[in-house]
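Work through the exercises below with the sequence and the coordinates open. Each task is followed by a solution in steps.

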Amino acid sequence: MNRLRAVSGTLLATATVVAAATLGVATPAAATPAAPVAPGVVTPAAAPIASLGAVTPAAAGGVVIAAAAPAGLSGMDVSSYQGNVNWSAAWNNGARFAYVKATEGTYYTDPYFAQQYNGSYNVGMIRGAYHFARPDTTTGATQANYLVDHGGGWSKDGRTLPAALDIEYNPYGATCYGLSQSAMRSWITSFVNQYHARTGRWATIYTTTDWWTTCTGNYSGFAATNPLWIARYAGTVGTLPAGWSTYSFWQWASSGTLPGDQNVWNGSLDRLRVLACNGPC
């Protein structure tokens, strides 16, 4: 995802200004991003972001990284920022799953998607695609279709996760993309419902508790269907968004032994296969 980062339990509402988990400046149709966002790296507003991550308020002096990997199955998320990934090395270092950036808005497809998505699969990992949301540009349903049409679908092969919606701090402008809390909830509903209509699966939601509270009003309505991928760089996962009693994935650091952001699945490999298969395969 773009690089949300949580500090002391919150992932900064000031992320937008610092351009941490998001890129720098842009409003709906007026501005075209110089480079897409992805989970991970924090850069100044002038420089585009290439992966999901964690952002720290200026006063905190940087990203807080967990001292050690939390319990769970080790995995990673990557984007064009990582380029061609050495998947055999990642496997040998313990990675058993990967989320790979596929799309952003309706204007960008990741040029490294094929190498990363297929490469992770070919070494034996369970993999999934993710989409960086731009609620200020087109509807949620339109972006869900764009994701599915560009590699983010699903198949019951036991190795493909439902795609993830990366919904977080806006790297191009206003934190909540100029949407009210009710409008944001409607946008996310439009996306996840259309993704479900196209694939039969409910998308994983990647976010931070701070952004979710600020921009959706801490809405609990997706917890019954959509797995939670929480971003927080700290020793504990902290308070989760409303409705979710537990997380499915935790992005706990922006760097480590694996390429890209460091993640864990909250369970065993067998349970991850159940998510991939939507039940028994």
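Which elements do the buried residues of α4 pack against?

**Exercise 1. Find the surroundings of α4.**

Solution. The model is a predicted one. Begin with the helix itself: α4 covers residues 140-149. Next, list its buried residues, which are G140, Q143, A144, Y146, L147 and V148. Then look for their partners. The buried residues of α4 pack against three strands, β2 (97-104), β3 (108-109) and β4 (126-132), and against helix α5. Finally, look past the end of the helix: G151 follows α4 and has a positive phi, near 100°.

**Exercise 2. Describe how α4 and α5 pack, and classify the angle between them.**

Solution. Helix α5 comprises residues 181-199. The axes of α4 and α5 are 7 Å apart, and the angle between them is about 40°. To classify this angle, note that roughly parallel requires under 35 degrees, while roughly perpendicular begins at 65. The pair therefore counts as oblique. The crossing of α4 past α5 is right-handed.

**Exercise 3. List the residues on both sides of the α4 and α5 contact and sort them by character.**

Solution. Take the α4 side first: G140, A141, Q143, A144, N145, L147, V148 and D149 take part. On the α5 side, the residues are W187, S190, F191, Q194, Y195, R198 and T199. Sorting the residues of this contact gives 7 nonpolar, 6 polar and 2 charged.

Now follow one residue, A141, which lies in α4. With neighbours within four places in sequence set aside, A141 is in contact with S190, F191 and Q194. For a backbone distance, use A141 and Y195: their C-alpha atoms are separated by 7.5 Å, although the two residues are 54 apart along the chain.

**Exercise 4. Locate a salt bridge that joins α4 to α5, and state how accessible its arginine is.**

Solution. The structure holds 4 salt bridges. One of them pairs R198 with D149, with 2.8 Å between the closest N and O atoms. This pair links distant parts of the chain, since R198 is in helix α5 and D149 is in helix α4, 49 residues apart. For the second part, compare the accessibility of R198 with the limits: buried means under 20% and exposed means over 50%. R198 has 38% relative accessibility, so R198 counts as partly exposed.

**Exercise 5. Examine the salt bridges K101 with E104 and R134 with D136. Are their residues buried or exposed?**

Solution. Start with K101 and E104, whose closest N and O atoms are 2.8 Å apart. Both K101 and E104 are buried. Go on to R134 and D136, where the closest N and O atoms are 2.9 Å apart. R134 has a relative accessible area of 0% and is therefore buried. D136, at 8% relative accessibility, counts as buried too.

**Exercise 6. Two residues that are not glycine have a positive phi, Y177 and N218. Where is each placed, and how accessible is each?**

Solution. Take Y177, with a phi of about 60°. Y177 sits in the loop between β5 (164-166) and α5. The relative accessible area of Y177 is 3%, so Y177 is buried. Then take N218, also with a phi of about 60°. N218 sits in the loop between α6 (209-216) and β7 (228-231). At a relative accessible area of 27%, N218 is partly exposed.

**Exercise 7. Place D77 and decide whether it is buried or exposed.**

Solution. D77 belongs to strand β1, which runs over residues 73-78. Its relative accessibility is 0%, so D77 counts as buried. For a backbone distance, take V100, which is 23 residues from D77 along the chain; the two C-alpha atoms are separated by 5.7 Å.

**Exercise 8. Summarise the whole chain in three values.**

Solution. First, count the elements: the protein has 7 helices and 9 strands. Second, give the burial: of the 281 residues, 56% are buried. Third, take the contacts between residues at least 6 apart in sequence; 70% of them join residues at least 24 apart.

Technical notes: Residues numbered from 1 in each chain as written. Predicted model: local features only at pLDDT ≥ 70, side-chain atom pairs only at ≥ 80, totals over all residues. Heavy atoms only, no water. Axes fitted to C-alpha atoms, helices over the stretch in contact; angles between N-to-C directions. Helix = DSSP H or I, 4+ residues; strand = E, 2+ residues; numbered from the N terminus. Parallel < 35°, antiparallel > 145°, perpendicular 65-115°, else oblique. Left-handed = near helix turned anticlockwise from the far one by under 90°. Contact = heavy atoms within 4.5 Å. Nonpolar A, V, L, I, M, F, W, Y, C, P; charged D, E, K, R; others polar. Salt bridge = Lys/Arg side-chain N within 4 Å of Asp/Glu carboxyl O. Buried < 20%, exposed > 50% of the residue type's maximum accessible area, 1.4 Å probe, protein only.
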